[in-house]
Amino acid sequence: MPLLHQPAELINSLREQNPLVMCIQNYVAMDFSANVLLAAGASPAMVNAVEEAEGFTKISSALSINVGTALTPHWIKAMELAASTAHDCGKPWVLDPVGCGATAHRNEQCAMLMERRPTVVRGNASEIMALANACKVEVVGGGSAGGGKGVDSTAGSEEALPAGIALAKRFKCVIAISGAVDIITDGSTKVLIRNGQEILTKITAAGCSLSTLCAAYCAVCNSALDAVTAAFLHFCIASDMTAEMVEVKGPGTHRVHLIDNLYNLSSAALADRAKFEVHEL
Ligand SMILES: Nc1ncnc2c1ncn2[C@@H]1O[C@H](COP(=O)(O)OP(=O)(O)OP(=O)(O)O)[C@@H](O)[C@H]1O
Ligand SMILES: Cc1ncsc1CCO
Ligand SMILES: [Mg+2]
């Protein structure tokens, strides 16, 4: 089954529509993810006041929520209110369950946010397995707690696929699991992405910014599976192009030139370099 919306068309839609993406982002990722969104073709706004959560969500085209740093009462209220507003207004929203599995508090808050029905969840393999556990979702052929080392994964994306499928079915959402091969599933289809560089795991907030890019693409495409596929390809192909540059010697220079390549990637180059497969489950 091919995708309904081609990633090469969606990158043009993103740049033409330049959607406003509201981000409740962790402190580490705020600057980088705002730059990723701007370079890719969206308009970011980093907002965290509970007093603005409802109003700002209403003027945005999509919302991205990341639980990475400040899981304190004020931030939690802002996340809950923004997520509920997005859901009630029919706007797409993305959850990044950073570090799910690390503490009981984090698990509880991630499970609470899942009840606000995200359109997409993007996490690493350990986070997705831990999220299934936190939500008490029955995982067919799985059952591992996920492991994880703080905010980093200790598992591969394939290991987390049963948890991803169970979450997608239970919450009727798209689950994106990043790793050496990225897996995106809505519970009945899986998309495998073979672009992207391992050095991204040495750049903090690479995954966090990818989650905000998923929100941006959801604003311009009503199929979340297709939107997230385009977001991953845009980000991972920009990383592939970055790795080929002679001036790039490690995570520091990769981080800087990644922004340039997100900006410069053409629709034709995206189509040419895309390595993805669509499988029915
Ligand atoms: N082993 C790997 N080989 C190649 N690319 C990888 C590998 N692991 C992750 N990636 C890529 O790195 C990017 C970030 O994914 P990662 O799994 O590191 O997210 P994360 O752990 O949530 O990151 P962070 O919490 O730092 O924001 C994705 O584009 C993914 O494709
Ligand atoms: C390092 C770190 N700590 C909390 S959030 C974050 C960014 C990567 O997830
Ligand atoms: Mg992460």
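Ala205 lies in the loop between β8 and α8 (206–218), where helices (H or I, at least four residues) and strands (E, at least two) are DSSP runs numbered from the N terminus. This is a predicted model, in which local features need pLDDT of at least 70, side-chain atom pairs count only at pLDDT 80 or more, and totals for chains, interfaces and linings use all residues. Residues are numbered from 1 along each chain as its sequence is written, while chains are lettered from A and ligands numbered from 1 in the order in which they are written.

**Two residues with positive phi**

Most residues other than glycine have a negative phi. Ala205 departs from this with a positive phi near 75 degrees. Lys172, which is not a glycine either, has a positive phi of about 50 degrees; Lys172 is found in the loop between α7 and β6. A residue is termed buried if 20 or more other C-beta atoms, placed from the backbone, lie within 10 Å of its own, exposed if 12 or fewer, and partly exposed in between. Ala205 counts as buried because it has 24 C-beta neighbours inside 10 Å, whereas Lys172 is exposed, with 11 other C-beta atoms within 10 Å.

**The sheet**

Nine strands form an open sheet with mixed pairing, in the order β2-β1-β3-β4-β5-β6-β7-β8-β9; two strands pair if DSSP finds at least two bridges between them. At the edges stand β2 (43–46) and β9 (276–280), each of which pairs on one side only. From one strand to the next the twist averages 20 degrees. Five antiparallel bridges join β8 (residues 189–193) to β9, and Val191 stands opposite Val278 in β9.

Helix α7 (residues 161–171) packs on the sheet, touching β5 (120–124), β6 (174–178) and β7 (182–185); contact requires C-beta atoms, placed from the backbone, within 7 Å. The direction of α7 makes about 160 degrees with that of β6. Such axes are lines fitted to C-alpha atoms, for helices over the stretch in contact, and angles run from 0 to 180 degrees between N-to-C directions.

**Helices α5 and α3**

In helix α5 (residues 104–114) the buried residues are Arg106, Gln109, Cys110, Leu113 and Met114. They lie on the same side of α5 because they cover an arc of only 145 degrees around the axis, the arc being that of the directions from the helix axis to the C-beta atoms. On the other side of α5, Ala104 and His105 are exposed. The buried residues of α5 pack against elements including β3 (62–66), α4 (73–89) and α7.

Phe56 lies in helix α3 (residues 50–59) and counts as buried, with 20 C-beta neighbours inside 10 Å. Leaving aside residues up to four places away in sequence, Phe56 touches Met22, Ala45 and Val47.

**The ligand shells**

A residue belongs to a shell if its C-beta atom, placed from the backbone, lies within 6 Å of the ligand. Of the 23 residues around ligand 1, Ser178, Ala180, Gly196, Leu200 and Gly207 come nearest. Helix α8 gives the largest share of this shell, four residues. Around ligand 2 stand ten positions, among them Asn26, Val98, Thr204, Ala205 and Cys208. In the table, Ala, Val, Leu, Ile, Met, Phe, Trp, Tyr, Cys and Pro count as nonpolar, Asp, Glu, Lys and Arg as charged, and the others, Gly among them, as polar.

| Shell | Nonpolar | Polar | Charged |
|---|---|---|---|
| Ligand 1 | 10 residues | 10 residues | three residues |
| Ligand 2 | six residues | four residues | no residues |

Terms used
Two residues are in contact if their C-beta atoms, placed from the backbone, lie within 7 Å.
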